[in-house]
Amino acid sequence: MNVQVVNLGEVITNENESIRGHGTFQKDGNLVSSVAGIVHRVNKLVSVKPLRSRYHPEVGDVVVGRITEVLRNNWKVDIGARHDAFLGLSAIILPGGVQRRRTSTDEMNMRNFYKEDELISAEIQKINYETFKISLHTRSFKYGKLSDGQFVTVPPMLIKRSKSHYLVLPNGVLLILGCNGFIWLSIPEESELKIKKISNWFISTTTELQELEDEINENSNKSIKDKNMDLETNNFDFYKKKEKMITKEQRLEICRVRNAILALSNSFLPIYPTSIMLVCKKSIEENINPKEMIKQKNMIILTSEVKELIK
Amino acid sequence: MFESNVFDVFDFSESNKNEKGNGNGNENEKQKEKKPINPNEPLLSEELESKVKPTLEEDIFLSKSLTGGCRHEIAYPEEWENKENGQEMIDDLKNLEYPKEPATTFKFTLDPFQRTSVCCIERGDSLLVSAHTSSGKTVVGEYAIAKALKNNARVIYTSPIKALSNQKYRDLKAVYGDVGLMTGDITIDPESTCLVMTTEILRNMLYKGSEIIREVQCVIFDEIHYMKNKSRGVVWEETIILLPDKVQFVFLSATIPNCLEFAKWISKIHKQACHVVFTDKRPVPLQYYLFPKGSNELYLIVDEDGNFKDRNFQKAVTSININPITNSLINNNNQSSSKNRRLQQSQDIYRVVKLIVEKNYDPIIVFAFSKKQCEVKAMELSQMSFTTSEEQEMIQFIYKQAIGTLSEDDQKLPQIKKMLPMLKSGVAVHHAGLLPIMKEIVEILFGEGFIKVLFATETFSMGLNMPAKTVIFSSTKKFDGTVFRNITSGEFIQMSGRAGRRGLDKKGIVILMLDERIEPSVAKDILLGKPDSLNSAFHLSYNMLLNLIRIEGINPEYLMSRSFFQFQCERQLPRKKQQIEELKIESNDIKIINESKIKKFYELSEKIQELSVEIQQIRTKPFYSFGYMKPGRLVRIRKIYRYGKMKFGKVKKVIKWNWGVVINIKKRHIRRKRDEMLLEDEKENEEQDNNVLEQLKNNLSSEYIVDVLIECEDLESIQKKAKNKIRKNLNKNGGNKDSNDNDDEDEEDDDNDNHRGIVKIVKFPLSDIYKISKMRVRVPENIRSVKTKNRIIRSISEVKKRLEGTIPQLDPVENYKSTERGYEQTLEKLNELKKEIKQFHLIKNTTQWKEGYKKFLSKIEILTQIEIAEKQLSEYESVILNDKLGSMKKSLESLKYVNTEGIISEKGRTACEISSGNELIITELLYQGVFNDINIYQLTSLLSCFLHKERSKTTPKLPENLNNPFRKLTETAKKVGKIEQKSGYEINIEDFVKSFHPGLMKVVERWTFGDSFLEITKLTKNFEGTIIRTLRGLEELMRQMSNAALSMGNRDLSSKINDGIVKVKRDIVFAASLYL
């Protein structure tokens, strides 16, 4: 496949037929790029996806964001896009899933739900293309406040979109891959899942890779489903800050995943469960402990397999 | 007091007295009818206890109670049984108490079913109320709203149609104030606590995850039985499935027999209890009368208690004088007879209406099944005046007020102008072709009692609370898009439910006008039949798929596994299995002597039949036979109507004609305008013979049309012949399977049947010609006169005589120089088989054989049934629609709406924005830049093709500027259709392409230019209402397109479309509803 890379202000095409999409503009009958990036063509639509930019939100994306301000009936959330996003008071689920109109009392108590500087996960509900207002919602119980974990940022275009962005990796790490390049690492609520010792991984062929993907999906589904059931029936106080014990082992695994992500980001490689797991695996094989993983020379070793895979 | 002949059959006497006695005191009557009930009295508890005994499998998850004509049942999720406090929860469900402080009080005493319903709502449980249209279900809905408002909780009221939403909005706004409205056309106060909306809007909100959804506590679905609607029903299912579990559902439905099934479904998918309150008691009892065509009398056939009066029915039916329909075949030139019939019918209506009005049994609703009929009949009837001069003044006043909102130009519209005199005489029409404002005027006037006679189509029976005293059915048949058929009992119940106004009438009158003899059993089916079951019409659409794919964590399978369709299928399983078992036993029980031989014989004759068809096909292949279709050629025509194909036996009907003479052949082409109009006229005319319609359609769908001069039987002789045939077959005792199908001798018999019919020229598709002879007769140039026609036909028999009875056929090998492979082999095979079957000729006539054969045939029938049942069983067992889903996903993938991993692409996101038109085609056109290259006038007119649904297959000639974009549309449609087909999606590409009809392109273009509505109506034959609906839909679609363009990053197109919206949205088309 031919990849056309253009610079800012470069003429992409002079065919009259094409329609201009994102990242392009018309000048003297030519279609000119307004960003530096890769040209995408769908039928006659020509758009340029920038190589590096702020996050470009799409409806349905899972994002991780930080509350920056509590307003009258919504929260301002930084999701790394060109504009701030807003999470409405009526866009969250009330404790116990009660369905009702929000009252002024609710508005007074907004800080009981989310306070400034807290991290949340949410979904993009709607984008107003005229005003660029981005609305978020926490559609189900799996979204909401994030605590007891680690936060990593990477360039948003490295996040590969997949069916699920809520994942439980085989080493027991909960991974929320925000489409905006904000990533949250933690331990899932119910960690009864049988977690294989990381040393037991032997990934060599693609079929096993497939198995790994399946396993990740299955694990994620299980843990998230369980969580759902629990919260709905037990009137769980979802918004209370809960402290959970995270063992040293678990911390190390979180660290390993975090550094794997950074290693991938450093080499500008796509970030998705399989690539992360490949790096983790390599680190075990090469006997590199999590702390050492982000040394420049190690990063090159660690990501070699992923590079191979992508070719 | 009455004419004597009417008196004994038209039983008005008793009620009339009451009527007189009460005069204006209807209020008294209402109060007398109802026993005072102490509102604080604990309700039902005793009855409940006594009735709780789950016995059958059916009843495991429910408990029943029956009281005062109202049945109360509860469905709860299966899991509850195994839960810790499950039993307590189940027991608690029966605990119904009328609230001490009800959320709202009513001025009248509630019926038992209403009281029970209120108790259920007060508990906060979900509820399905199933009752007749006018029995007061609304009360239940209103209570639910009142309760939600009291708790400051959002409540959503959905209804199937916009007009209904408008009305409901007005009603609720008047009572509760804090009410908003959201339809595709208009949004008022979306922040209100109570929102009235159409189901589509709610569905879209669910897909978009709108904030309102998280605030809604209760959703009321009005007219939920609409869920069985083929095209739109699925919207209800999607909505119900996608709503959160904590929502309280209130369903209001017409009487449906399977309400419990529905409630169980709800309780299963939303893990909450669902009550069912069912009553089939009518608040006003109905009397059914028959009015036979051409008669002067009304015959009471079903009284208030539902007793069918056989004697009266016989009398009524026999009084229909059989007026033979002489035109059993098409003859476009000869319309006089259909005109006669029309005249006759309108006279009938005139008489009935007059009779009813004289007896003070107005207002009347007359249901006719076509828009045109409504108009014509109303026009004729409006010669009479049913109103007083005061009423006329009021009508004029209201009319003027309403019309005053329109611009002066629009006030001059013919539909508006011609309506006033009609309205003033107390007559009105109501159908989908009317301007919305006219519809509303009619509704308002009818509601005020100024309209005495209303001609309406079936749509009027939907939802609007507009009862009359009398309902007349102008026919028992309706055209359902493909054939004329008898109305179903469900339709009848829905429509007749308009008779009898609660609190005003002691009983309602339903009159069925009969224009042909029908069997008592058929009549009973219609009149006393069960209401239609609520069956799922679930199907998948691309928009649905894309929206589901877009949302994280939900996939299409999730929706499908929760659909009512799946639920119903699963419930069918045990029943089907049992049925198969029973059938198998039955088939094993049939013992036949010589079974293997008989089987052989059967198989042989089947095979022969198949081969003969094959040979005929080769013989008459247009490629070869075309050249022989010279004027004068003798041909035979056979028509086969197939109803389905099974492994064993086929269901079909064969019609054959005698030898005819070819007059002309032509390739199908677009007919001239005049013909087209005639065709449409035929369609409108519902009394038209079934056959004729069928033929017309077939004619149009085949490539070549042959004009054949042929002798046609009139209806009488057809009937006679059919009777003869039945007798003949009875005598024959099944030795031959079907005399018509395999044996040549029989055919020659038919040939010699010498009855004189009418000779005329009939059009047949070339494929219907089944024998082509070697002979030609001379055809004079001018064949108009009947004499010449007869002479030509006579010459046929002469030919026959000369050739000693057999007319030689063309031989493909000899005559066509056919290189068709296999023809000779087939012929040989056929002859062999014929020889083989000859050996049976001897034993064929023994009684033992005949009996055996009869038994064998019935066995085969059972085997066929088993086959069908097994097929269904395997369908039920698999996850429904899975194949379809797979193929749809595949086509989405090959069109690049999703990537190979099933993740939605940019293109897919664009398609998500579009829900009013075919999302795939529009998105394709967007990405091809078609909309960029054309101006806004072309754009709007092109979009009209996505909205305008027309039955007529003819396409108007388009000017070049419109034809170009339309051609691009058809090309794209073809392309998409092919991709879908490749992916395994069953689709008829031709039909698919034709579903985009350019009929209104010109009209929409002119409208966008700024022409007045009056001018554009002149451009088309379409009803004003249809145009308005298209234009309103257009505006909605354009709004979606503007968003879609923005999501593509195409600002120029978006602003172009926005400019277009301004151009389209004006004047009468977007005039606000009178209800708002």
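## Polar links between the chains

Across the interface of chain B and chain A in this predicted model, twelve residue pairs are found in polar contact, with both residues of each pair at pLDDT 80 or more. On the side of chain B that touches chain A, the elements that each supply at least two residues are α10 (211–215), β8 (216–221), α36 (906–912), α37 (919–928), α44 (1024–1048) and α45 (1051–1064) of chain B. Sorted by class, that side of chain B has 18 charged, 15 polar and twelve nonpolar residues.

The interface of chain B and chain A also holds four salt bridges. In one salt bridge, the side chain of R20(A) meets the side chain of D1052(B), at 3.7 Å from N to O.

## Extent of the contact

The size of an interface is often expressed as the accessible area that is lost when the parts come together. Here chain B and chain A bury about 3,700 Å² between them, with 44% of that area on carbon and sulfur atoms. The contact draws 45 residues from chain A and 45 residues from chain B.

## A buried charge in chain B

Within chain B, helix α19 (residues 436–448) contains E440(B), a residue that is buried and yet has no salt bridge. The nearest side chain of opposite charge to E440(B) belongs to R1032(B), at 6.6 Å, and a salt bridge requires the two charged groups to lie within 4 Å.

What does E440(B) touch, if residues up to four places away in sequence are not counted? On that basis, E440(B) touches N166(B), S1073(B), L1074(B) and Y1075(B).

Key:
Residues numbered from 1 in each chain as written. Chains lettered and ligands numbered in written order. Predicted model: local features only at pLDDT ≥ 70, side-chain atom pairs only at ≥ 80, totals over all residues. Heavy atoms only, no water. Contact = heavy atoms within 4.5 Å. Buried area = accessible area lost by both parts, 1.4 Å probe. Polar contact = N/O pair within 3.5 Å; in protein donor to acceptor, adjacent residues only side chain to side chain. Helix = DSSP H or I, 4+ residues; strand = E, 2+ residues; numbered from the N terminus. Nonpolar A, V, L, I, M, F, W, Y, C, P; charged D, E, K, R; others polar. Buried < 20%, exposed > 50% of the residue type's maximum accessible area, 1.4 Å probe, protein only. Lys, Arg positive; Asp, Glu negative; His and termini not counted.
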